Amino acid sequence: MGPSIRVGKIFGIPIEIHFSWVFIFLLMIVILGDLFDQSQSTALGRWAWALLIAVLFFASVLAHELSHSLVAVRKGIPVDGITLFFFGGVSHLAHEARRPYVEFVITVVGPLCSILLAGIFWVLWLQFQGTNSSLELAFRLLMSINLMLGVFNMLPGFPLDGGRVLRSVIWGLSGSYWRATQIAVRAGQVIGGLIALGGGYLAVDNFHAVGISGIWIILIGAFLFSAATATYRQERAKERLKTYRVADVMNEEWWTLPGEMLMNSPLVTQGLAEHDNLLAVSLNGQVEGMITRRLMDRIPRRAWGSTLLSQAMLPLRSLPILTPADTASEAMDQMETGRLSSLAVMRNGELLGFVSRDGIIRLARRRNRNRV
Ligand SMILES: [Zn+2]
């Protein structure tokens, strides 16, 4: 996504802010400052309210994303973090849900959380209704913003929550993930396109009244359209992987080094460089583990001179093992679930080769080109 900074962790989930978020935050304060013009006599009071509402608004967005993330973790999908950016928030799940029901619940809690927040702010607003105070305005704004967040996100097109709900329902009914994805993505393109056109119409029709908002709506529509299109390409590439077997994508050449060797041996570096960033480790003449570049990078370089390959290796018996007949897509799923960059391929206890994520991605790209 580009440069973002980590601001903290909530329930163990890292929270990041993307640089584009700063623009929307400032824009929001400017717009809100205008709204508080009438209820606040001092400029300072006006901006203080605007800042407070903007902060609470982004806390609401964060609560929406946290609800997705916490349910995902509950359902066994690791979450890498949440990023706040120009168009709101995004939860980074390690992989897509593997069952329609799981995708449904992970998704639906987000809009429900926003609607619930809207309800809480509505009750608070009722207490101050008719007082014409800043507090009344603040609760009313927070109520409408959360309501909009909940309702807008339920529009039935990818990448909005409503699109994911639609996909999970069609997927559950038809049993076809790919078919459901195609429908939800197409719907997302249509919705994004319509929103952009609507924004364009508003901007042209009465620029003085809705100029900035019109442009803003065009941007949102364009963002949705391109995100839907990107999802389509990604899922299509994944779908194609189902037609390839592990036998087609595995690397049958590798170096085997003894477990007694130290990590800083030049042979280790060379072996990784020559064979797809991976090598096998043997103990008593038997291949028992593997070393990947990623694994090496995780161990501080100063420890390399005192760490044996047998101490650093990933033991094969602790990993899922692929067979040549598995599909490339199954191999990818296994690696995503285990957060591994490579897996061993075996038949009847005999090591035949290795499959790497990078290797599969390269193949998918190459085949894509050939078929165009
Ligand atoms: Zn959501």
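The crossing of helices H1 and H2 is right-handed. I should say at once that this is a predicted model. Helix H1 covers residues 19-35 and helix H2 residues 43-74; the two pack with their axes 8 Å apart, at an angle of about 130 degrees. Because that angle falls outside the ranges for roughly parallel, perpendicular or antiparallel, H1 and H2 are described as oblique to each other.

Which residues form the contact? From H1 come Phe25, Met28, Ile29, Leu32 and Gly33. They meet Arg46, Trp47, Ala50, Leu51, Ile53, Ala54 and Phe57 in H2. By class, this contact has 10 nonpolar residues, one polar and one charged.

Let me turn to Thr327. This residue sits in the loop that runs between strand S8, residues 314-315, and helix H12, residues 328-338. Is Thr327 buried or exposed? The answer lies in between: with 17 other C-beta atoms within 10 Å, Thr327 is partly exposed. Leaving aside residues up to four places away in sequence, Thr327 touches Leu241, Lys242, Tyr244 and Arg245. As for Thr243, its C-alpha atom is separated from that of Thr327 by 7.0 Å, although the two positions lie 84 residues apart along the chain as a separation in sequence.

My final residue is Ser213, which belongs to helix H7, residues 207-241. Ser213 has 13 other C-beta atoms within 10 Å and is therefore partly exposed. How far apart are the C-alpha atoms of Ser213 and Tyr244? They are separated by 48 Å, and the two residues are 31 residues apart along the chain.

Terms used
Residues are numbered from 1 along each chain as its sequence is written. This is a predicted model: local features need pLDDT of at least 70, side-chain atom pairs count only at pLDDT 80 or more; totals for chains, interfaces and linings use all residues. Helices (H or I, at least four residues) and strands (E, at least two) are DSSP runs, numbered from the N terminus. A residue is buried if 20 or more other C-beta atoms lie within 10 Å of its own, exposed if 12 or fewer, and partly exposed in between; C-beta atoms are placed from the backbone. Two residues are in contact if their C-beta atoms, placed from the backbone, lie within 7 Å. Axes are lines fitted to C-alpha atoms, for helices over the stretch in contact, and angles run from 0 to 180 degrees between N-to-C directions. Angles under 35 degrees count as roughly parallel, over 145 as roughly antiparallel, 65 to 115 as roughly perpendicular and the rest as oblique. A crossing is left-handed if the near helix is turned anticlockwise from the far one by less than a right angle, and right-handed if clockwise. Ala, Val, Leu, Ile, Met, Phe, Trp, Tyr, Cys and Pro count as nonpolar, Asp, Glu, Lys and Arg as charged, and the others, Gly among them, as polar.
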